[in-house]
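Colleague: I am new to reading models like this. Let me ask how each label is earned.

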Amino acid sequence: MAMRKLLLLLKPFDIYPVWQTEGLSRLSNPQELQVLRYLENRLKVHKDAINFCQDVLRNKPVEWKPIFRNELSYPIRNVDLVITIGGDGTLLQSSHFIDDSIPVLGVNSDPTQVEEVEDCSNEFDATRSTGYLCATTTNNFEQVLDSIIDGRRAPSQLSRMLIRVNSQHLSSYALNDILIAHPCPASVSRFSFKVKGNGQSFSPMVHCRSSGLRVSTAAGSTAAMLSAGGFSMPILSHDLQYRVREPISLGEISGSMHGLVNSDQSMDLKWFCKEGMIYIDGSHVSYSITNGDTIELSSKAPSLKVFLPHHLSLQTTAQNTEV
């Protein structure tokens, strides 16, 4: 399909601290000054990336419109391609407004610089944007864009998670992961869950007291799930991975704290706290739950078309060949 109408979804500027010159002059700690210079540079690099991408688009046979991601409040329609300029967070936020018909291209506007991280390692963490799902930076944006416009590059279909609360679909699908937990991180989360398929239980009911439950898609398995002791899944997998966070009094159920929900299965959960939250793809999208609410999780949500980085595209090719 020819790409003729594009939407640019931009990471906003106000997430970076803005410091006035007079404020900087009052700082005497060299480390504080170094951190502030670093943050100022991150903002500059991000702005430069936006300007660069817009300059490229001005010379292409396409119509395009920019919008900051925090200004988006309605489903994206009537465009052939969404280009996100920021990092994985911007791509994830855009996914909540896109159905399975519009592909997404992520531009990592501020990639981590290895030398900078090493130089600053004794002072602070200078890691910038990971951009795991972003196919381009300013270094190869025009090359990748041309291949998409010309129809020489195809997107991959990434699985998303469908969430039902009390049998009602939530309007947002999770591309990365969800966290179900008490809104206070110091409070215990009480819930029970089981995995089922075709209307039948595939696991016994598991009763938990913990700090919550994280469930990820394949795309999200390399993020918080991996950090918590999970494993990386093939990017095109339709399975879900779950892990109970900091369980209390494991006993005989220790083997049920981490596992998979296969593509033909779902997870049923019942919440037993006065308060609770479902956080979808981070903290920007959340839903309240209360005592007695039931939650069903599955991979039956519409997929998302994403142009993946080269190394992940090779992985999808290998998976398709195996199938």
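Modeller: Start with one rule: a charge sits over a ring if NZ of Lys or CZ of Arg is within 6 Å of the ring centre and within 35 degrees of the ring normal. Lys-47 fits, lying over the face of Phe-13 at 4.9 Å from the ring centre. This is a predicted model, where local features need pLDDT of at least 70, side-chain atom pairs need 80 or more, and totals for chains, interfaces and linings use all residues. Numbering runs from 1 along each chain as its sequence is written, and side-chain values use heavy atoms, without hydrogens or water.

Colleague: What makes Phe-13 and Phe-68 an aromatic pair, and of which kind?

Modeller: Rings of Phe, Tyr and Trp (its six-membered ring) pair if their centres lie within 6.5 Å. Here the centres are 5.3 Å apart, so Phe-13 and Phe-68 pair. Now the angle: planes under 30 degrees apart are stacked, over 60 edge-to-face, the rest tilted. The planes of Phe-13 and Phe-68 are at 75°, so the pair is edge-to-face. Phe-13 is in the loop between strand E1 (5–10) and helix H1 (21–25), while Phe-68 is in strand E2 (63–68). The two are 55 residues apart, and the pair links distant parts of the chain. Helices and strands here are DSSP runs numbered from the N terminus (H or I, at least four residues; E, at least two).

Colleague: How many aromatic pairs are there, and which residues form one cluster?

Modeller: The structure holds five aromatic pairs. Phe-191, Phe-193, Tyr-242 and Trp-271 form one aromatic cluster.

Colleague: Why is Phe-13 called partly exposed?

Modeller: Look at the cut-offs: buried is under 20% relative accessible area, exposed is over 50%, partly exposed is in between (1.4 Å probe, protein chains only). Phe-13 has 29%, so it counts as partly exposed. Its partner Phe-68 has 23% and is therefore partly exposed too.

Colleague: How do you know that Gly-220 is buried?

Modeller: Its relative accessibility is 0%, so Gly-220 counts as buried. Gly-220 is in the loop between strand E12 (213–216) and helix H6 (224–227). Its C-alpha is 9.8 Å from that of Tyr-132, 88 residues away along the chain.

Colleague: And what makes Leu-145 buried?

Modeller: Leu-145 also has 0% relative accessibility, so it counts as buried. It is found in helix H5. Leu-145 and Cys-53 are 92 residues apart in sequence but 10.0 Å apart in space, C-alpha to C-alpha.

Colleague: Where is Arg-128, and is it buried or exposed?

Modeller: Arg-128 is in the loop between helix H4 (114–119) and helix H5 (141–149). With 6% relative accessibility, it counts as buried. Asn-140 is found in the loop between H4 and H5 as well, but its 23% makes it partly exposed.

Colleague: What is notable about phi of Asn-78, and why is that residue called exposed?

Modeller: Asn-78 has a positive phi of about 60°, although it is not a glycine. Its relative accessibility is 66%, so it counts as exposed. Its loop joins E2 and strand E3 (81–86). Ser-167 has a positive phi too, near 70°. Ser-167 has a relative accessible area of 62%, so it is exposed.

Colleague: What makes the largest pocket a pocket, and how much space lies in it?

Modeller: On a 1 Å grid over the protein atoms alone, a pocket is an open set of points where a 1.4 Å probe fits, with protein on both sides within 12 Å along at least five of seven lines. In the largest one lies about 370 Å³ of space, a volume being the space filled by probe spheres set on points joined across faces, edges and corners.

Colleague: Which residues line the largest pocket?

Modeller: Lining residues have an atom within 4 Å of a point. There are 20, and Asp-88, Gly-89, Leu-92, Asn-176 and Ala-223 lie nearest the centre. Helix H3 (88–95) gives the most, with four residues.
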